[in-house]
Amino acid sequence: MKRLMSTVLAAFALFYLAGVSAAPHTPSKPDASPAISAPAAAPATRHFDVDAATQEWLNTMSPEARAKSDAYFEGGYWLILWDFMVGLVVAWLLLGTGLSRRLQDFNERLVKIRFVQPALYALEYILFTTVVTLPWTIYEGYVREHQYGMSNQDMAGFLGDQLTGLVIGLIFGVIAIPVVYAVIRKFTRTWWIWGAVVGMVFIVFTVLISPTYLEPAFNKFYPLKDGPEKQQILSMARANGIPATDVFEFDASKQTKRMSAHVSGIGGTTQISLNDNLINRGSPEEVQAVLGHEMGHYVLNHVFHGIFEFSILIVIGFAFVKWAFDWVRLRWGAAWGIRDVGDVAGLPLLAALFGVYMFVLTPVNNTLTRMQEGEADIFGLNAARQPDGFAQAAIHLSEYRKMEPGKWEEIFFYDHPSGYHRVHRAMVWKAEHLNDGDI
């Protein structure tokens, strides 16, 4: 993933994907991991106790590991706030100092073609925001990740990723931002509707090209070696109508210690991918459970549902931005040199206002995503039939996600079900399938 940059214009063009260093590839382990040995209370018996089995799985994490995971994840709550504040500071640096106005005036003197002027400003804007926020980016993405033992990257690899992301952001930005401003100038009264449409078109386009063109810019993808594990994954894909003929591994261990996988793309671009951390650390049951979950996202059309839901939020957000932009411009527009909404010098204000909207909507976005993740969990349990593998995966993911949050804590800050709820769900499924013969 893949990721959006932490500004409003990420919805259109500034895509910020997880990169990798240029370290040599570490091959997959030669043999599959040993099968899972369930904790004492977890074996499938006639008197299976769901709550006891859940607790036994939770107890496989040491108190020290739980404390570290809790501290890492709870610190992320503050990062949401600080990311938001950094975005506002960047907007003020461009608007309050008059730099945005001077940049656009320079562009207008340099190039007389009106459509090209926003492209020049996009180039300057992306470069400026990248440089100004680089210290914060280094702390958040490199220093903090190393403090908690989540990163394998050296500084050279990390900066290389940032450079790759910058190049992609520039390519998308110099295309998308002029298009958006052309729409704003063409439809002065209803630009917020058509601007949202343009934004969603770019997002769909990115979903289509990401598996083939964007993800390989950060990671090396190669076919998973032939063997029982690969055949089990392909069999599960065929059984669930997924049009994939191969399984790919990617070298995320150069970047992180996290385990992940995804079934990405649409139609002919569909690709099943899992990272080498999952292959090297996960048991065969765990790999199947994780891939079953990811196949659930594909089969349940979560990409399309997400696009639809996000489209509604984007339209509402653009309506808010239109109202707020007019209100702010009447009060400070003259001091900042913003003529009207079609003036590209006002781009930092548009970004800041949309950032306010998305910050307030954090619990809504998290809840929508968490609901889809819960649906994929259930699908994965039924597709893979590996409840202990699923529980083990939840334990591994809880190395960087707090295992047992409070109710409101989970609602506001979790974009996935908590580790506790995932393990408990797996044990409930296990209890309901005791007589199946293969559990």
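Leaving aside its neighbours within four places in sequence, which residues is glutamate 145 in contact with? The legends below take that one up, along with a few other spots in this predicted model.

**View 1. Glutamate 145 and the residues around it.** Let's start with the opening question. Glutamate 145 sits in helix H5, which covers residues 134-147. Not counting neighbours within four places in sequence, it touches Tyr72, Glu140, Met150, Ser151 and Arg258. Is glutamate 145 buried or exposed? Its relative accessibility is 12%, and buried means under 20%, so glutamate 145 counts as buried.

**View 2. The whole chain, before zooming in again.** Here's the overall picture. The protein chain has 16 helices and four strands. It runs to 439 residues, of which 51% count as buried. Now look at the contacts with a separation of 6 or more: 76% of them are between residues 24 or more positions apart.

**View 3. Strand E4 and its two partners, E2 and E3.** Strand E4 takes in residues 271-275, and five of its five residues are buried. On one flank, strand E2 (residues 247-250) runs parallel to E4, and four bridges join the two. Strand E3 (residues 261-264) is also joined to E4 by four bridges, but this pair runs antiparallel. To find your way around, pick out a few partners. Glutamate 249 stands opposite leucine 274 in E4, and phenylalanine 248 stands opposite serine 273 in E4. For serine 264, the bridge partner in E4 is glutamine 271.

**View 4. Which way the residues of E4 point.** In a regular strand, side chains alternate between the two faces of the sheet. Which residues of E4 point one way, and which the other? Gln271, Ser273 and Asn275 go one way, while Ile272 and Leu274 go the other. Whichever way they point, all of these residues are buried.

**View 5. Strand E1 next to E2.** Strand E1 is made of residues 221-223, and it pairs with E2 in the antiparallel sense over three bridges. Proline 223 has phenylalanine 248 as its bridge partner in E2. You've met phenylalanine 248 already: it also stands opposite serine 273 in E4.

**View 6. Isoleucine 242 in its loop.** Isoleucine 242 belongs to the loop between helix H8 (228-239) and E2. With a relative accessible area of 4%, isoleucine 242 is buried. What does it touch, once residues up to four places away in sequence are left out? The list is Ala237, Val263, Thr270, Met295, Tyr298 and Val299. Take threonine 270: it is 28 residues from isoleucine 242 along the chain, yet their C-alpha atoms are separated by 8.1 Å.

**View 7. Helix H4 and what it packs against.** Helix H4 spans residues 116-132, 17 residues in all. From first C-alpha to last it reaches 25 Å, close to the 24 Å expected at 1.5 Å a residue. Its buried residues are Gln117, Pro118, Ala119, Tyr121, Ala122, Glu124, Tyr125, Ile126 and Thr129. Which helices do these buried residues pack against? They meet helix H2 (63-95), helix H3 (99-110), helix H6 (155-186) and helix H12 (347-360).

**View 8. The second largest cavity.** Rolling a probe the size of a water molecule over the atoms shows where empty space is left. The structure holds two cavities of 30 Å³ or more, and the second largest has a volume of about 50 Å³. Its lining is made up of Ala394, Leu397, Ser398, Arg401, Tyr414, Pro417, Ser418, Gly419 and Arg422. Helix H14 (387-397) and helix H16 (419-431) are the elements that give two or more residues to this lining. By type, the lining residues divide into four nonpolar, three polar and two charged.

**View 9. Two loop residues with a positive phi.** Most residues other than glycine have a negative phi. Asparagine 301 is not a glycine, but its phi is positive, at about 60°. You'll find asparagine 301 in the loop between helix H10 (284-299) and helix H11 (302-336). At 37% relative accessibility, it counts as partly exposed. Arginine 385 also has a positive phi, near 55°. Arginine 385 lies in the loop between helix H13 (362-384) and H14, and it is partly exposed, with a relative accessible area of 26%.

Definitions and conventions. Residues are numbered from 1 along each chain as its sequence is written. This is a predicted model: local features need pLDDT of at least 70, side-chain atom pairs count only at pLDDT 80 or more; totals for chains, interfaces and linings use all residues. Side-chain values use heavy atoms; hydrogens and water are left out. Buried means under 20% relative accessible area, exposed over 50%, partly exposed in between (1.4 Å probe, protein chains only). Two strands pair if DSSP finds at least two bridges between them. On a 1 Å grid over the protein atoms alone, a cavity is a set of points where a 1.4 Å probe fits but cannot get out, and a pocket is an open set with protein on both sides within 12 Å along at least five of seven lines; lining residues have an atom within 4 Å of a point. Grid points are joined across faces, edges and corners, and a volume is the space filled by probe spheres set on the points. Ala, Val, Leu, Ile, Met, Phe, Trp, Tyr, Cys and Pro count as nonpolar, Asp, Glu, Lys and Arg as charged, and the others, Gly among them, as polar. The expected span of a helix is 1.5 Å times one less than its number of residues. Contact means heavy atoms within 4.5 Å.
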